[in-house]
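This report walks through one protein chain, moving from a helix to the sheet and then to a few chosen side chains. Please keep the sequence and the 3D view open beside the text.

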Amino acid sequence: MGQGSEQGTRRVRRRIRAALAVLTVALLGVTGCDAVGGDASAGPSASASKRTRPAPVWDTSPESVAAVGDSITRGFDACTVLSDCPEVSWATGSSAEVDSLAVRLLGRAEAAERSWNYAVTGSRMEDLTGQVTRAAARRPQLVAVMVGANDACRATTSAMTPVADFRARFEEAMATLRAKLPKAQVYVASIPDLKRLWSEGRTNPLGKQVWKLGICPSMLGDADALDAAATLRRNTVRDRVEAYNDVLRSVCAKDRRCRTDGGAVHAFRFGTDQLSRWDWFHPSVNGQARLAEIAYRAVTARKP
């Protein structure tokens, strides 16, 4: 009786050990699958990672473009004297001679449907908010800005827009754009070197006659005068343009979706081929093409 009972106990113990071994193997199998990232657990995790990966802040291939600014963006004096020629605009023009920013980004057919030019000849920074408001109604993915030359091109240097006002108006325009289009990208071109344009154009008799009609008198007035007063006047305009460009750069830098050209337009050495054959001050068709190249490089660069 005692021996049979002991054998029975041993059998029970063996069964328990066997059951525990099976359970242990099963548990290890489940744990091992999780540890090596099996399909059942890794799949959703990987998908979630892809879904939560943030999109890049700057898109190098926006699908629509709106332009705002002044006479340069309207192609003024590029085709005929004292007239706009928006078809050769560096920003949105359709001309094959220019290959505008919009054409380079979208293609010619698409640019005709998804680019808009709200620039107005003669505009100053105080007009930018109104232009931005109109452009925002189109909901463009990229807004191209070139403005500020007319703030320096006044009847006298004392009439130039104060730098503080220039900053306030630009900040207002950017705030308006952000309120209406939080994710729109903004490309801001620097203001050309107006003194260089005077230096290039003053050798042309026709250009100087057109200047007398009122084109940028603070810089171009008395074009042949080289006395101390004329030099001081032109240098004052030059310095004000540089201050405006500093404003454009610093205000834009505060916005994650804003890029400038890094001063490329201001530094570009416009020659006679790049200047209007009528006023020798505004960009010619060739000059507009050069502006388009600069803009395209800035917009499509991986980093600003």
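## A helix and its buried residues

In helix α11, the residues Ala 230, Arg 233, Arg 234, Asn 235, Val 237, Val 241, Tyr 244, Asn 245, Val 247, Leu 248, Val 251 and Cys 252 are buried. These values come from a predicted model, and they should be read with that in mind. An α-helix has 3.6 residues a turn, so residues three or four places apart point the same way. With this in mind, it is worth tracing the buried residues of α11 in the 3D view, for example Val 237, Val 241, Tyr 244 and Leu 248, which are among them.

Helix α11 has 26 residues and spans 37 Å from its first C-alpha to its last, which is close to the 38 Å expected at 1.5 Å a residue. At the start of α11, a side-chain oxygen of Asp 227 comes to within 3.0 Å of the backbone nitrogen of Ala 229.

## The chain as a whole

The secondary structure of the protein chain comes to 13 helices and five strands. Of its 304 residues, 46% count as buried. Among the contacts in the chain with a separation of 6 or more, 73% are accounted for by residues 24 or more positions apart.

## The sheet

How are the five strands ordered in the open sheet? The order is β2-β1-β3-β4-β5, and the pairing is parallel. Strands β2 (115-117) and β5 (258-260) stand at the edges with a single partner strand each, so one side of each is left without a neighbour in the sheet. If direction is ignored, neighbouring strands of this sheet are turned by 15° against each other on average.

Strand β3 pairs with β1 in the parallel sense over five bridges, and four bridges join β3 to β4, again with the two strands running parallel. On the β1 side, Ala 66 has Val 143 of β3 as its bridge partner, while Val 65 stands opposite Leu 142 in β3. Leu 142 also has a bridge partner in β4, namely Gln 185.

## How β3 is enclosed

Is strand β3 (residues 142-146) buried or exposed? Five of its five residues are buried, so the strand is largely enclosed by the rest of the structure. Both faces of β3 are covered, since the buried residues include Leu 142, Ala 144 and Met 146 on one side and Val 143 and Val 145 on the other.

Two helices can be placed relative to this part of the sheet. Helix α7 lies across β3, β4 and β5 and runs at about 155° to β4, and helix α13 (residues 285-300) also lies across β3, β4 and β5, running at about 140° to β4.

## Aromatic pairs

The count of aromatic pairs comes to three. In one of them, the rings of Trp 90 and Tyr 187 have their centres 6.1 Å apart and their planes at 70°, so the pair is edge-to-face. Trp 90 lies in the loop between β1 (65-69) and α3 (101-106), whereas Tyr 187 lies in strand β4 (residues 185-188), so this pair ties together parts that are 97 residues apart in sequence. Both Trp 90 and Tyr 187 are buried.

In another pair, the rings of Phe 166 and Tyr 244 have their centres 4.1 Å apart and their planes at 10°, so the pair is stacked. This pair links distant parts of the chain, with Phe 166 in helix α7 (residues 163-180) and Tyr 244 in helix α11 (residues 228-253), 78 residues apart. Phe 166 has a relative accessible area of 0% and is buried, and Tyr 244, at 0% relative accessibility, counts as buried too.

## Around Trp 116 and Thr 92

Trp 116 lies in strand β2 and, at 16% relative accessibility, counts as buried because the cut-off is under 20%. The C-alpha atoms of Trp 116 and Ala 67 are separated by 6.2 Å, although these residues are 49 residues apart along the chain. Leaving aside neighbours within four places in sequence, the residues in contact with Trp 116 include Ala 67, Thr 92, Arg 138 and Pro 140.

Thr 92 lies in the loop between β1 and α3 and is buried, with a relative accessible area of 13%. The side chain of Thr 92 makes a polar contact with the side chain of Asn 117 (3.3 Å). With neighbours within four places in sequence left aside, the contacts of Thr 92 include Ala 67, Ser 115 and Trp 116.

Methods: Residues numbered from 1 in each chain as written. Predicted model: local features only at pLDDT ≥ 70, side-chain atom pairs only at ≥ 80, totals over all residues. Heavy atoms only, no water. Phe/Tyr/Trp six-rings, centres within 6.5 Å; stacked < 30°, edge-to-face > 60°. Buried < 20%, exposed > 50% of the residue type's maximum accessible area, 1.4 Å probe, protein only. Pairing = 2+ DSSP bridges. Expected span 1.5 Å × (residues − 1). Polar contact = N/O pair within 3.5 Å; in protein donor to acceptor, adjacent residues only side chain to side chain. Axes fitted to C-alpha atoms, helices over the stretch in contact; angles between N-to-C directions. Contact = heavy atoms within 4.5 Å.
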